[in-house]
Amino acid sequence: MYNVGDVVIYAAHGLCSIEDICEQTYSDITQTYYVLQPLNDSKLTIRTPTDNAKKQLRDIIDKEEAIKILESFTSPGVEWLDQNTHRMKLHVEIIKSGDRQKQASLLNTLMRKKLEYISIEKKFPQQEEKILQSLQEMIFSEFSIALDKPSEEIYEYVLTQIH
């Protein structure tokens with residue numbers, strides 16, 4: 001069980017602060033809810049049942065795991081599938097998996113591919129750009145807390161690893 005003030009990772013929204021824990025009744029069912037505030041969207045408030053938390057919430061990565069994953073950016077990421085529909089399906093599966101290493105590998109691939117597209121003066125696909133931005137925000141902001149460094153510094157470090 002988490003406490004008010006804890007910072008956690010919530011599924012697709014990334015870093016969130018637990019603002020409150022309260023009981024609410026919907027359709028005559030009373031449950032205890034975490035009230036979450038995404039750190040990157042102050043206008044959004046999320047409520048999730050505490051008994052659903054195991055599936056939706058997780059702790060922030062620890063420093064050792066963050067360093068290990070950052071070091072993995074020197075290796076190639078996930079395989080790039082040429083067929084767009086298969087590639088997008090794989091990307092969505094990886095994001096939903098919640099597996100930080102797989103997500104970082106996907107981010108690695110997308111960053112490398114974007115650089116490749118830029119070098120041949122082609123436009124990077126918009127769907128991939130959205131996923132790239134989302135993963136960067138999610139991963140670098142979490143690592144920023146774990147490593148006590150600004151997200152920009154982590155981004156710059158990763159760029160040196162993939163060149």
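**View 1. The largest nonpolar core of this predicted model.** Here's the place to start: the largest nonpolar core has 31 residues. Those with the most contacts inside it are Phe73, Leu107, Leu110, Met111, Leu135 and Phe143. Five helices each give two or more residues to this core: α2 (63-71), α3 (84-97), α4 (100-119), α5 (126-147) and α6 (151-162). Of these, α5 gives the most, with nine residues.

**View 2. A second core, set apart from the big one.** Besides the 31-residue core, there's a separate one made of ten residues. Among them are Val8, Cys16, Ile18 and Leu36.

**View 3. Leu110 and what it touches.** Leu110 is one of the residues with the most contacts inside the largest core, so let's zoom in on that side chain's company. Leaving aside residues up to four places away in sequence, Leu110 touches Trp80, His91, Phe124, Glu128, Ile131, Leu132 and Leu135. You've met Leu135 already: like Leu110, it's on the list of residues with the most contacts inside the core.**View 4. The β2-β3 hairpin.** Strand β2 (residues 14-26) and strand β3 (residues 29-38) run antiparallel, joined by ten bridges. Two residues sit between the strands of this hairpin. Look for Ser27 in the turn, which has a positive phi of about 50°. As for bridge partners, Thr25 is matched with Thr30 in β3.

**View 5. β3 paired with β4.** Strand β3 also pairs with strand β4 (residues 46-49), again in the antiparallel sense, over four bridges. To find your way around, pick out Val35, which stands opposite Arg47 in β4.

**View 6. A nonpolar patch on the surface.** Val7, Leu39 and Ile145 make up this patch, and together they have about 230 Å² of accessible area. Val7 belongs to strand β1 (residues 7-10). Its relative accessibility is 31%, which means Val7 counts as partly exposed.

**View 7. Stepping back to the whole chain.** The chain has six helices and five strands. Read from the N terminus, the elements run β-β-β-β-α-β-α-α-α-α-α. The C-alpha trace spans about 60 × 35 × 25 Å along its principal axes. Of the 163 residues in the chain, 41% are buried. The chain exposes about 9,700 Å², and carbon and sulfur atoms supply 49% of that. Take the contacts between residues at least 6 apart in sequence: 51% of them join residues at least 24 apart.

Note on methods:
Residues numbered from 1 in each chain as written. Predicted model: local features only at pLDDT ≥ 70, side-chain atom pairs only at ≥ 80, totals over all residues. Heavy atoms only, no water. Pairing = 2+ DSSP bridges. Patch = residues over 30% accessible without salt bridge, like charges linked within 9 Å, V, L, I, M, F, W, Y side chains within 5 Å. Areas by Shrake-Rupley, 256 points an atom, 1.4 Å probe, with all protein chains shown as cover. Salt bridge = Lys/Arg side-chain N within 4 Å of Asp/Glu carboxyl O. Buried < 20%, exposed > 50% of the residue type's maximum accessible area, 1.4 Å probe, protein only. Core = buried A, V, L, I, M, F, W, Y, C linked by side-chain atoms within 4.5 Å. Contact = heavy atoms within 4.5 Å.
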